[in-house]
Amino acid sequence: MGGSDNLVYVTSLEEVSWGLALIAVTMTIHAVAMPATLEACAALRRRRAVVSGFFGGVRVLLLGSAMIATTHLLEVIVWGGFFYYRGALPNASSAYYYALLQYTTVGSELSLPDRWRLLGGMIAMAGLLTFAWSTAVLLTLANRFQSERLTRAEQEADRRDAAL
C-alpha cells in the first residue's frame, strides 16, 4: 500500500482552486436557502391559524427539515456533477454516491484519482460548514416550536386557575 507513487503526488493549484470554488458554490447555495427556509417557515406559521397547536408547529418543523435536506442534496449534486464531468468517477450515479458519503463524512469505498483526491477532504469541509449552519436554523425553528408550546401550556394553566 504505501508505495512510492503516493510519495510522488503533489497537490496542484488547480485542485485546490476547484475545491475552494466548490466550497464557495456550496456556501452560496446555503446562503440563499437558509434564510428562505426561515422565511417559508415564518409564512407557514402565520398561515397556520387554521391548524394551530401541536400539529401546526410540527408542520413548520417538517417544512424546515424538508427544505434543509433538499438544500444539502442540491449541494451534493453540484459536487457529484463536478466529479462526473471531470472524469473523476465513471458515471453520475457513483459520482453522486461518492459525493453524498464524503459530504456527510461517512466515507466511501470509492476513491478519486490522485489528481482530485484532495477534494474528498474538501467536500467533507463543505459538509461540516453547511451542517453546522443547518443545525442553527433547525434549532431556531425547534426553539420557536417549544416556546409556543410552553406559552400555550402556561395560558391554559392560567385559564384553569382563573376558573377556580
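**Entry: H72**

I started with H72 and looked up its accessibility in this predicted model. H72 has a relative accessible area of 7%, so I put it down as buried, the limit being under 20%. The residue is found in helix 3. Next I wanted its partners: which residues does H72 touch, leaving out those up to four places away in sequence? My list reads H30, Y103, T130, F131 and S134. Two of these names, T130 and S134, came up again when I listed the buried residues of helix 5.

**Entry: confidence**

Before going on, I checked how far the predictor trusts its own model. The mean pLDDT of the chain is 90, and 90% of the residues score at least 70. Which element has the lowest mean, and which the highest? Helix 1 (residues 4-8) is at the bottom with 57, while helix 4 (residues 92-103) is at the top with 98. I will keep that value for helix 1 in mind.

**Entry: the chain as a whole**

I counted 5 helices and 0 strands, so my note on the order of elements, from the N terminus on, is simply α-α-α-α-α. Then I turned to the overall dimensions. The radius of gyration is 22 Å, whereas a compact globule of 164 residues would come out near 15 Å. Along the principal axes, the C-alpha atoms fill a box of roughly 85 × 30 × 25 Å.

I also looked up burial and contacts. Of the 164 residues, 33% count as buried. Among contacts with a separation of 6 or more, 68% join residues 24 or more positions apart. The chain exposes about 9600 Å², and carbon and sulfur atoms supply 66% of that area.

**Entry: helix 5 and helix 3 by length**

How far apart are the end C-alpha atoms of helix 5 (residues 118-163), and what span should its 46 residues give? At 1.5 Å a residue I expected 68 Å, and the ends are 68 Å apart, so the two agree. I did the same for helix 3 (residues 54-85). Its 32 residues should span 46 Å, and the end C-alpha atoms are 46 Å apart, which agrees too.

Then I asked which residues of helix 5 are buried. I wrote down L119, G120, M122, I123, A124, A126, G127, T130, S134, V137, L141 and F145. The cover over these residues includes helix 2 (13-47), helix 3 and helix 4.

**Entry: aromatic rings**

A search of the whole structure gave me 7 aromatic pairs. I looked at F83 and Y98 in detail: the ring centres are 5.5 Å apart and the planes stand at 75 degrees, so I call the pair edge-to-face. F83 belongs to helix 3 and Y98 to helix 4, with their positions 15 residues apart, and the pair links distant parts of the chain. Are F83 and Y98 buried or exposed? Both are buried.

Y84 and Y85 also form an edge-to-face pair, with 5.2 Å from centre to centre and 65 degrees between the planes. Their accessibility reads otherwise: Y84 is at 34% and counts as partly exposed, and Y85, at 70%, is exposed. I noted as well that ring pairs link W18, W79, F82, F83, Y98 and W116 into a cluster.

**Entry: Y84 and its surroundings**

I stayed with Y84, which is found in helix 3. Setting aside neighbours within four places in sequence, Y84 is in contact with L89, P90, N91, A92 and A95. For A95 I looked up the backbone distance as well: the C-alpha atoms of Y84 and A95 are separated by 5.6 Å, with the two residues 11 apart along the chain.

**Entry: two positive phi values**

My last look was at backbone angles. G87 follows helix 3 and has a positive phi, near 75 degrees. T105 has one too, near 65 degrees, in a residue other than glycine. I flagged T105 because most residues other than glycine have a negative phi. Where does T105 lie? I found T105 in the loop between helix 4 and helix 5. With a relative accessibility of 47%, T105 counts as partly exposed.

Definitions and conventions
Residues are numbered from 1 along each chain as its sequence is written. This is a predicted model: local features need pLDDT of at least 70, side-chain atom pairs count only at pLDDT 80 or more; totals for chains, interfaces and linings use all residues. Side-chain values use heavy atoms; hydrogens and water are left out. pLDDT is the predictor's confidence in each residue, from 0 to 100. Helices (H or I, at least four residues) and strands (E, at least two) are DSSP runs, numbered from the N terminus. Rings of Phe, Tyr and Trp (its six-membered ring) pair if their centres lie within 6.5 Å; planes under 30 degrees apart count as stacked, over 60 as edge-to-face and the rest as tilted. Buried means under 20% relative accessible area, exposed over 50%, partly exposed in between (1.4 Å probe, protein chains only). The radius of gyration is taken over C-alpha atoms; the globule rule is 2.2 Å times the number of residues to the power 0.38. Contact means heavy atoms within 4.5 Å. Accessible areas come from the Shrake-Rupley method with a 1.4 Å probe; for residues, only the protein chains shown count as cover. The expected span of a helix is 1.5 Å times one less than its number of residues.
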